[in-house]
Amino acid sequence: VNTAGEIFHILEGTNKHRRTAETLCNKQSSRSHSIFTLKIFMKERALDEEEVIKTGLLHLVDLAGSECVGRSGAQGERKKEAGQINQSLLTLGRVITALVEHQPHVPYRESKLTR
C-alpha cells in the first residue's frame, strides 16, 4: 500500500471478520483476537549516495475481552465462549512470561496466537 487511505480500506475489510457481543460488563466486548501487522519500508540515500532501505514493523493487537463469567451474565454458548477466551489469554500470558523471564522453554505451540 502507498497511502493512508489504502491502509484504512484494508482495516475496514478486516473489521468485518471481527466478532463482538454485548455482555453486562461491556456493550461491545471483543469475542475474537485480531492481529494486524504493518511493515514499513523507507528508501533514502546515504551521504555516500548509496541507497539505504530502512524497515519497521508495527503489530496492532486486539485481544478478545476477558470477563468474569458471573459478572458478565454469560450463559449457554456465550459462557462456553468466555471460558475459551479466558483460556486463550491465560496461555498467551504463559508465553509472554516465559519470554520476559528468559525461560529455557517458551510454550509457543500451546497458543494459536503464537504458533
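## Overall form and local detail of a predicted 115-residue model

The protein has a radius of gyration of 19 Å, whereas a compact globule of 115 residues would have one near 13 Å. These values, like those that follow, come from a predicted model. Along its principal axes the C-alpha trace spans about 65 × 40 × 20 Å, and buried residues make up 20% of the 115 residues. When contacts between residues at least 6 apart in sequence are considered, 41% of them join residues at least 24 apart.

The protein contains three helices and four strands, and from the N terminus on these elements follow the order α-β-β-β-β-α-α.

### The β3–β4 hairpin

Strand β3, covering residues 34-45, and strand β4, covering residues 51-62, run antiparallel and are joined by twelve bridges. Two residue pairs illustrate the register of this pairing: T37 stands opposite H59 in β4, and E44 has V52 in β4 as its bridge partner. In a regular strand the side chains alternate between the two faces of the sheet.

Within strand β4 lies I53, which touches F41, M42 and K43 when residues up to four places away in sequence are not counted.

Five residues lie between the strands of this hairpin, in which E49 takes a positive phi near 70°. E49 is found in the loop between β3 and β4, and it has this positive phi of about 70° although it is not a glycine. E49 counts as exposed because its relative accessibility is 57%, the cut-off for that class being over 50%.

A second residue with a positive phi is H102, whose value is near 50° and which is likewise a residue other than glycine. H102 is found in the segment after α3, and it is exposed because its relative accessible area is 70%.

### Distances across the model

Two C-alpha to C-alpha separations start from residues of the hairpin, I53 in strand β4 and E49 in the loop between β3 and β4. I53 and C68 are 15 residues apart in sequence and 47 Å apart in space, while E49 and Q87 are 38 residues apart in sequence and 53 Å apart in space.

### Buried residues of helix α3

Helix α3 comprises residues 77-100 and includes T91; E81 lies in helix α3 as well. T91 counts as buried because its relative accessibility is 6%, and E81 is buried because its relative accessible area is 10%, where buried means under 20%. Their contacts beyond the immediate sequence neighbourhood can be described in turn. E81 touches R19 and R31, not counting residues up to four places away in sequence. T91, with its neighbours within four places in sequence left aside, is in contact with E110 and S111.

The accessibility values of the four residues described so far are gathered below.

| Residue | Location | Relative accessible area | Class |
|---|---|---|---|
| T91 | helix α3 | 6% | buried |
| E81 | helix α3 | 10% | buried |
| E49 | loop between β3 and β4 | 57% | exposed |
| H102 | segment after α3 | 70% | exposed |

### The largest pocket

The largest pocket has a volume of about 260 Å³. Its lining consists of 13 residues, and those that lie nearest its centre are T14, N15, S34, I35 and F36. At least two residues of this lining are supplied by each of α1 (4-15), β3 and β4, so that both strands of the hairpin joined by twelve bridges also take part in lining the largest pocket. By residue class, the lining of the largest pocket divides into five nonpolar, six polar and two charged residues.

Terms used. Residues are numbered from 1 along each chain as its sequence is written. This is a predicted model: local features need pLDDT of at least 70, side-chain atom pairs count only at pLDDT 80 or more; totals for chains, interfaces and linings use all residues. Side-chain values use heavy atoms; hydrogens and water are left out. Two strands pair if DSSP finds at least two bridges between them. On a 1 Å grid over the protein atoms alone, a cavity is a set of points where a 1.4 Å probe fits but cannot get out, and a pocket is an open set with protein on both sides within 12 Å along at least five of seven lines; lining residues have an atom within 4 Å of a point. Grid points are joined across faces, edges and corners, and a volume is the space filled by probe spheres set on the points. Ala, Val, Leu, Ile, Met, Phe, Trp, Tyr, Cys and Pro count as nonpolar, Asp, Glu, Lys and Arg as charged, and the others, Gly among them, as polar. Buried means under 20% relative accessible area, exposed over 50%, partly exposed in between (1.4 Å probe, protein chains only). Contact means heavy atoms within 4.5 Å. The radius of gyration is taken over C-alpha atoms; the globule rule is 2.2 Å times the number of residues to the power 0.38.
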